[in-house]
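Q: Please take a close look at the nonpolar core of this protein. Which parts of the chain build it, and what surrounds it?

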Amino acid sequence: MEGMDLILQVNDRYRLVSDELQWAVQRLPITPEGSEPPKKDNWKNIAYYTELDSAVLFLAQHRIKALPGHYDACDALTPLCNTLDDIKKMVGELQCQLSS
């Protein structure tokens with residue numbers, strides 16, 4: 001995506017970037033322990049969307065699906081709620097970035 005217009009940093013591993021046509025969800029790869037940290041320009045596109053709300057929804061679903069472990073129905077609520085709280089905070093921060 002040459003000539004990106006906007007970069008919305010979600011956290012140290014995820015960001016949303018745009019150009020005049022699309023939004024891309026990008027992830028900075030995790031490196032194996034003991035190896036050098038990833039270069040800051042090593043972002044990988046993992047999804048593309050024409051609307052920002054679709055990109056944010058994908059990122060939320062992606063983070064929920066990536067929760068580690070196996071949970072019984074009741075036990076799943078705590079990590080799920082924590083992740084949803086993080087996502088709400090992320091969306092609020094993105095809205096602030098877009099407003100300024």
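A: **The nonpolar core**

Of the 100 residues of the protein, 25% count as buried. Keep in mind that this is a predicted model. The average pLDDT is 79, and 78% of the residues score at least 70.

Start with the layout. The protein has two helices and four strands. From the N terminus on, their order is β-β-β-β-α-α. Confidence varies among these elements. Strand 4 (residues 44-49) has the highest mean pLDDT, 95. Helix 2 has the lowest, 74.

Now the core itself. The largest nonpolar core has 14 residues. Those with the most contacts inside it are Val 10, Leu 16, Val 25, Leu 59, Met 90 and Leu 94. Four elements each supply at least two residues of this core: strand 2 (14-18), strand 3 (23-27), helix 1 (52-65) and helix 2 (77-99). Helix 1 gives the largest share, four residues. As a general point, nonpolar side chains in soluble globular proteins tend to be buried together.

Leu 16 is a good residue to centre the view on. Leaving out residues up to four places away in sequence, Leu 16 touches Leu 6, Ile 7, Leu 8 and Val 10, among others. Its contacts also include Trp 23, Ala 24 and Val 25. Further along the chain, Leu 16 touches Leu 52, Ala 55, Val 56, Leu 59 and Leu 94.

Turn next to Leu 52. This residue sits in helix 1. With the same sequence neighbours left out, Leu 52 touches Leu 8, Leu 16, Trp 23 and Leu 98. Leu 52 and Val 25 are 27 residues apart in sequence. Their C-alpha atoms are 9.8 Å apart in space.

Contacts between distant parts of the chain can also be put in numbers. Among contacts between residues at least 6 apart in sequence, 40% join residues at least 24 apart.

Then the aromatic rings. The count comes to one aromatic pair. The rings of Tyr 49 and Phe 58 have centres 5.8 Å apart and planes at 40°, so the pair is tilted. Tyr 49 has 25% relative accessibility, so this residue counts as partly exposed; the cut-off for buried is under 20%.

Finally, the outside. The protein exposes about 7,000 Å². Carbon and sulfur atoms supply 54% of that area.

How values were computed: Residues are numbered from 1 along each chain as its sequence is written. This is a predicted model: local features need pLDDT of at least 70, side-chain atom pairs count only at pLDDT 80 or more; totals for chains, interfaces and linings use all residues. Side-chain values use heavy atoms; hydrogens and water are left out. Rings of Phe, Tyr and Trp (its six-membered ring) pair if their centres lie within 6.5 Å; planes under 30 degrees apart count as stacked, over 60 as edge-to-face and the rest as tilted. Buried means under 20% relative accessible area, exposed over 50%, partly exposed in between (1.4 Å probe, protein chains only). A nonpolar core is a set of buried Ala, Val, Leu, Ile, Met, Phe, Trp, Tyr and Cys residues joined through side-chain atoms within 4.5 Å. Contact means heavy atoms within 4.5 Å. pLDDT is the predictor's confidence in each residue, from 0 to 100. Accessible areas come from the Shrake-Rupley method with a 1.4 Å probe; for residues, only the protein chains shown count as cover.
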